[in-house]
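Me: I've got a model open and want to go through some of its labels. Can you take me through the reasoning behind them?

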Amino acid sequence: MTNHSPDFTDLISHVVRAFERMRVPPGPTAQETTELMERVASGHGKTTTAADRDAVAEPVMVRNEDDSDIVSRWSRRAGGWNKLTRKLRELTNPQRTAVAGALLSTIVGLTLLLLALNSGQRLSAMERMGKQLREVKSYGYKESWRTTWVAEGKKLTTTWRGDGQTYWRAPDAFRSGQKIVKTEEASAQRTEQVLEDFVEIFPAGKLGIFIDHTMKTYRRLPFDPVGSVTYPSDLLRMIRENSGEVTRDLGTKKIQGRKARGYMIALKDAHEVRVTDPVEVWVDPETDLPLEFGYEGKNETTFERRITDCRWNIELAPGLFEATPPEGYADVTPPSREQEIAQIVFALKLYAELSGGHYPRVTGCDGIALRDEMLKMAGYSREPRADWNREEKFQRIERATVGLDWIARIVRNRNHAGYYPQTVGPHDKDKVLLWWRVFAPVRYRVVCGDLRTEIVSEARWAELVPEAETAGWPAGEQKPKDNR
């Protein structure tokens with residue numbers, strides 16, 4: 001059987017080569033593609049007007065600077081296109097059917113290619129960056145933040161600033177340190193005070209440790225990075241989860257010797273209060289990973305936070321994630337079991353009974369010293385006697401020593417605990433006598449004046465203990481928090 005179908009191999013190859021060298025405009029929509037295929041398949045796709053015939057004779061192409069020769073060559077071959085259309089009219093019906101099938105296959109193939117290219121273009125900067133972040137195995141970056149406000153009369157400027165380094169390695173090991181300094185400037189005088197200098201370390205699958213170098217203390221912590229199980233930074237979590245949208249293109253600049261593309265991104269679902277401000281992100285276009293990011297703003301204060309020197313998929317020394325306390329540092333890990341909480345309540349209640357209605361009025365609690373004070377209030381002399389061990393009152397004071405030791409440990413953890421025996425007594429049922437920070441997630445254990453105790457959210461704690469949340473800060477401002 002003779003094959004009457006014309007050979008379009010050369011024509012199609014020529015079209016494909018020209019197509020590959022073109023700067024492809026956005027492809028047709030799915031609806032437009034469907035309508036085109038239906039017209040061709042039904043035989044209604046041929047040109048009928050003079051304008052249509054002219055369009056066939058002089059095809060319009062979008063080109064870049066390198067394909068002007070192709071366009072000129074196609075223009076010179078306009079007569080060839082007219083000859084081709086005349087030959088198509090001379091074909092028999094079976095031949096026309098074959099031609100229609102070949103053209104339909106070509107159109108479908110080119111359309112699918114256009115759609116594929118457009119799909120790649122539609123992948124946003126946020127989506128590409130999020131995808132790459134989800135595949136990262138390790139990283140390191142520097143973090144810096146500062147908050148500045150001017151007192152009434154503009155005679156005193158106070159700045160809190162923090163600087164530190166963070167490292168992370170899959171699946172869940174990370175280390176984050178920070179030094180927080182308070183600076184006050186008035187006229188020609190300037191003073192600086194180191195408020196906190198800490199590091200928190202979490203080995204993979206083990207208890208972490210929070211080391212306070214200013215207080216020379218440490219406490220053990222369960223694993224609970226801010227943001228997610230994978231990233232301790234909330235900003236990284238939101239970028240990784242595509243939690244936002246690009247609002248402005250910032251152009252390009254050099255960062256770490258690389259050409260970076262900048263975007264202003266509006267993020268949502270932030271754990272941090274101030275991340276509602278637009279975040280500036282600078283991305284390496286070759287890796288689609290951030291080189292630096294951060295935000296700044298102004299209300300009663302001016303504030304900013306920057307993550308810089310981002311390094312991804314780097315080798316990290318195993319020693320970075322060893323949770324070993326420095327020699328000579330005191331363990332201030334707070335109590336967590338209900339039995340330990342009951343020991344604290346028992347000690348406070350007994351002390352209030354023996355003292356006539358107040359709690360130990362000291363801020364630097366010493367469990368042994370408080371026990372001796374309770375023995376004295378109970379009428380026991382300084383010289384111990386063996387027969388005391390048979391007395392119930394003496395036994396109760398001895399049992400209270402454990403709870404007093406817990407109070408001493410809690411109070412020593414100055415930055416994450418508070419104790420107010422001077423202003424709160426047994427009858428102050430709605431006032432907080434003692435509180436300390438609980439992790440995984442961040443919450444607070446509060447003990448009220450009537451010795452009721454519960455764990456509350458950070459927002460509720462700020463309502464119950466406003467002096468702890470805003471101490472040293474202007475009205476309405478929130479004290480900077482550490483990474484956790």
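Reply: Sure. Keep in mind that this is a predicted model. Start with helix 10 (residues 367–377) and helix 11 (residues 392–412): their axes come within 8 Å and cross at roughly 145°. That crossing is right-handed.

Me: Which residues make that contact?

Reply: Helix 10 brings Gly-367, Ile-368, Leu-370, Arg-371, Met-374 and Leu-375. From helix 11 come Phe-394, Ile-397, Glu-398, Ala-400, Thr-401, Leu-404, Asp-405 and Ala-408. By class, that's nine nonpolar, two polar and three charged.

Me: And what angle do helix 9 and helix 10 pack at?

Reply: About 40°, with the axes 9 Å apart.

Me: Why is helix 9 called oblique to helix 10?

Reply: Roughly parallel needs an angle under 35 degrees, and roughly perpendicular runs from 65 to 115. The angle here is about 40°, so helix 9 counts as oblique to helix 10. The crossing is left-handed, and the residues in contact include Tyr-351 and Leu-354 of helix 9 and Met-374 and Met-377 of helix 10.

Me: Now Thr-333, in the loop between strand 12 (330–331) and helix 9 (338–355). How do you know whether Thr-333 is buried or exposed?

Reply: Its relative accessible area is 16%. Buried means under 20%, so Thr-333 is buried.

Me: What makes the pairing of Thr-333 with Asp-331 a polar contact?

Reply: The side chains are joined at 2.6 Å, and the cut-off is within 3.5 Å. Leaving aside neighbours within four places in sequence, Thr-333 is also in contact with Tyr-218, Arg-219, Arg-220, Trp-406 and Arg-409.

Note on methods:
Residues are numbered from 1 along each chain as its sequence is written. This is a predicted model: local features need pLDDT of at least 70, side-chain atom pairs count only at pLDDT 80 or more; totals for chains, interfaces and linings use all residues. Side-chain values use heavy atoms; hydrogens and water are left out. Helices (H or I, at least four residues) and strands (E, at least two) are DSSP runs, numbered from the N terminus. Buried means under 20% relative accessible area, exposed over 50%, partly exposed in between (1.4 Å probe, protein chains only). A polar contact is a pair of N or O atoms within 3.5 Å; within protein, one must be able to donate a hydrogen and the other to accept it, and residues adjacent in sequence count only if both atoms are side-chain atoms. Contact means heavy atoms within 4.5 Å. Axes are lines fitted to C-alpha atoms, for helices over the stretch in contact, and angles run from 0 to 180 degrees between N-to-C directions. A crossing is left-handed if the near helix is turned anticlockwise from the far one by less than a right angle, and right-handed if clockwise. Ala, Val, Leu, Ile, Met, Phe, Trp, Tyr, Cys and Pro count as nonpolar, Asp, Glu, Lys and Arg as charged, and the others, Gly among them, as polar. Angles under 35 degrees count as roughly parallel, over 145 as roughly antiparallel, 65 to 115 as roughly perpendicular and the rest as oblique.
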